[in-house]
There are 2 protein chains.
Amino acid sequence: MATVSNQELKQVLREHEMKATSQRIALLKLLNNTSEHYDAEEIYIELRKLQKTVSRATVYRSLETLVEQQLVSKLDFGEGRMRYENRQERDEHHDHLICERCGKVIEFFNLEMEAQQLAVCEKHDFLPSTHTMHIFGTCIECRATNPN
Amino acid sequence: MATVSNQELKQVLREHEMKATSQRIALLKLLNNTSEHYDAEEIYIELRKLQKTVSRATVYRSLETLVEQQLVSKLDFGEGRMRYENRQERDEHHDHLICERCGKVIEFFNLEMEAQQLAVCEKHDFLPSTHTMHIFGTCIECRATNPN
DNA sequence: GTGTAAATGAGAATCATTCTTATCTTTAAG
DNA sequence: CTTAAAGATAAGAATGATTCTCATTTACAC
């Protein structure tokens with residue numbers, strides 16, 4: 001995962017008609033350099049650790065704008081709060097397997113499933129914009145530990 | 001949609017090791033007799049209309065138990081609150097198309113998609129329990145009104 | 001009918017998120 | 001390099017959904 005320079009991030013923000021504030025640059029860099037699915041509070045804490053002055057409100061507002069600009073994806077794993085992941089340089093959309101025991105998230109992509117989704121939309125004269133496909137269950141490691 | 005008697009609902013609750021309280025019977029009957037996807041507050045208001053003494057806490061607690069018992073499904077349409085639907089007598093699981101303009105929810109079932117989900121789980125040695133598949137977009141009526 | 005575990009009502013508490021407002025930055029223009 | 005205006009920010013208050021607390025009530029096995 002190549003670290004992106006501040007200059008490049010500024011460029012990205014400006015291309016999306018967002019002022020290149022230090023808070024936004026730091027937030028984008030954080031999501032750029034991790035494969036974690038952080039929630040807003042975790043992002044706030046990480047930015048604070050990095051000596052950034054930032055408020056929760058700014059984290060939420062920036063995330064909202066970044067999601068609108070499709071630079072970031074907003075994910076709901078059914079925990080009562082949202083998680084976010086970087087979307088730049090991702091060529092493929094992906095869905096998630098979520099382990100209900102350990103919380104691990106496995107990403108997957110299945111072309112046939114995507115095709116079926118389009119078929120369903122066509123059948124119902126529905127114009128899709130986004131979708132969420134989350135499969136909840138138990139991962140192999142957790143079953144190995146305790147088959148239950 | 002055949003109305004189920006209180007006696008039958010009592011029976012159902014007892015079969016699931018839940019005390020057959022009047023609040024639970026009324027809640028279950030409400031969900032049984034509608035195809036709406038109510039949220040907790042709407043359920044609370046409906047039960048009040050029906051002259052039932054019930055508190056919000058009881059609505060939430062009962063729903064939680066009913067979901068555990070798989071008598072009710074908990075749905076997240078990305079509105080920041082959960083919705084619930086009856087699950088009894090439904091032989092088929094189904095997924096949802098959600099119109100981002102008018103909020104309409106269209107239910108669908110696609111066997112091939114379900115098969116692909118199982119295939120993905122197998123591939124990742126993942127034991128699935130439930131899944132959510134929500135496609136967001138614009139329904140035909142909204143596009144007819146304003147193609148955009 | 002009684003006792004007891006379970007369920008409930010009312011409102012307080014919590015948690016994620018959004019709003020408010022006064023104060024800063026960014027950036028385009030001189 | 002200043003400057004001004006639009007846009008962003010910090011801090012904390014407000015909101016809204018959901019959960020918790022605890023004293024009281026109810027279901028139901030006996």
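In the predicted model, the side chain of A:R48 places a polar atom 3.3 Å from a phosphate oxygen of DNA strand D. A:S55 also approaches a phosphate oxygen of this strand, here through a polar backbone atom at 2.9 Å. The side chain of A:K19 faces another part of the DNA: one of its N or O atoms is 3.1 Å from a base nitrogen of DNA strand D.

DNA strand D has 20 residues around it, and those that come nearest are A:T21, A:T53, A:T58, B:R14 and B:Y60. Of the atoms of DNA strand D that come within 4 Å of the protein, 72% belong to sugar and phosphate. The surface near DNA strand D draws at least two residues from each of three helices, namely α2 (22-32) and α4 of chain A and α4 of chain B. By residue class, this surface holds six nonpolar, six polar and eight charged residues.

DNA strand C is surrounded by 22 residues, of which A:R14, A:Y60, B:T21, B:T53 and B:T58 are the closest. Sugar or phosphate makes up 71% of the atoms of DNA strand C within 4 Å of the protein, and bases make up the rest. B:T53, one of the closest residues, has a backbone N or O atom 2.6 Å from a phosphate oxygen of DNA strand C. A phosphate oxygen of DNA strand C also lies 3.0 Å from a polar side-chain atom of B:Q23. In the case of B:K19, an N or O atom of the side chain is 3.2 Å from a sugar or linking oxygen of DNA strand C.

The surface near DNA strand C includes at least two residues each from α4 (56-68) of chain A, α2 (22-32) of chain B and α4 (56-68) of chain B. Among the contributing elements, α4(B) gives the most, with four residues. Seven nonpolar, seven polar and eight charged residues form the surface near DNA strand C.

The two protein chains also meet each other. Chain A and chain B each bring 33 residues to the contact. The size of an interface is often expressed as the accessible area that is lost when the parts come together. Between chain B and chain A, the buried area is about 2900 Å², with carbon and sulfur atoms giving 65% of it. Zero salt bridges are found across the interface of chain B and chain A. Polar contacts, in turn, link 16 residue pairs between the two chains, counting pairs with both residues at pLDDT 80 or more.

On the side of chain B that touches chain A, at least two residues come from each of β4 (95-99), β5 (105-108), α5 (111-123), β6 (127-138) and α6 (140-145). The element that gives the most to this side is β6(B), with 12 residues. The residues on this side of chain B comprise 16 nonpolar, 11 polar and six charged.

Strand β6(B) also takes part in strand pairing between the chains. Strand β6 (residues 127-138) of chain A runs antiparallel to β6(B), and 11 bridges join the two. One of the paired positions is A:L127, whose bridge partner in β6(B) is B:T138.

Conventions
Residues are numbered from 1 along each chain as its sequence is written. Chains are lettered from A and ligands numbered from 1 in the order in which they are written. This is a predicted model: local features need pLDDT of at least 70, side-chain atom pairs count only at pLDDT 80 or more; totals for chains, interfaces and linings use all residues. Side-chain values use heavy atoms; hydrogens and water are left out. Contact means heavy atoms within 4.5 Å. Buried area is the accessible area (1.4 Å probe) that two parts lose on being put together, summed over both. A salt bridge is a side-chain nitrogen of Lys or Arg within 4 Å of a carboxyl oxygen of Asp or Glu. A polar contact is a pair of N or O atoms within 3.5 Å; within protein, one must be able to donate a hydrogen and the other to accept it, and residues adjacent in sequence count only if both atoms are side-chain atoms. Ala, Val, Leu, Ile, Met, Phe, Trp, Tyr, Cys and Pro count as nonpolar, Asp, Glu, Lys and Arg as charged, and the others, Gly among them, as polar. Two strands pair if DSSP finds at least two bridges between them. A residue is near a molecule or strand if one of its heavy atoms lies within 4 Å of it.
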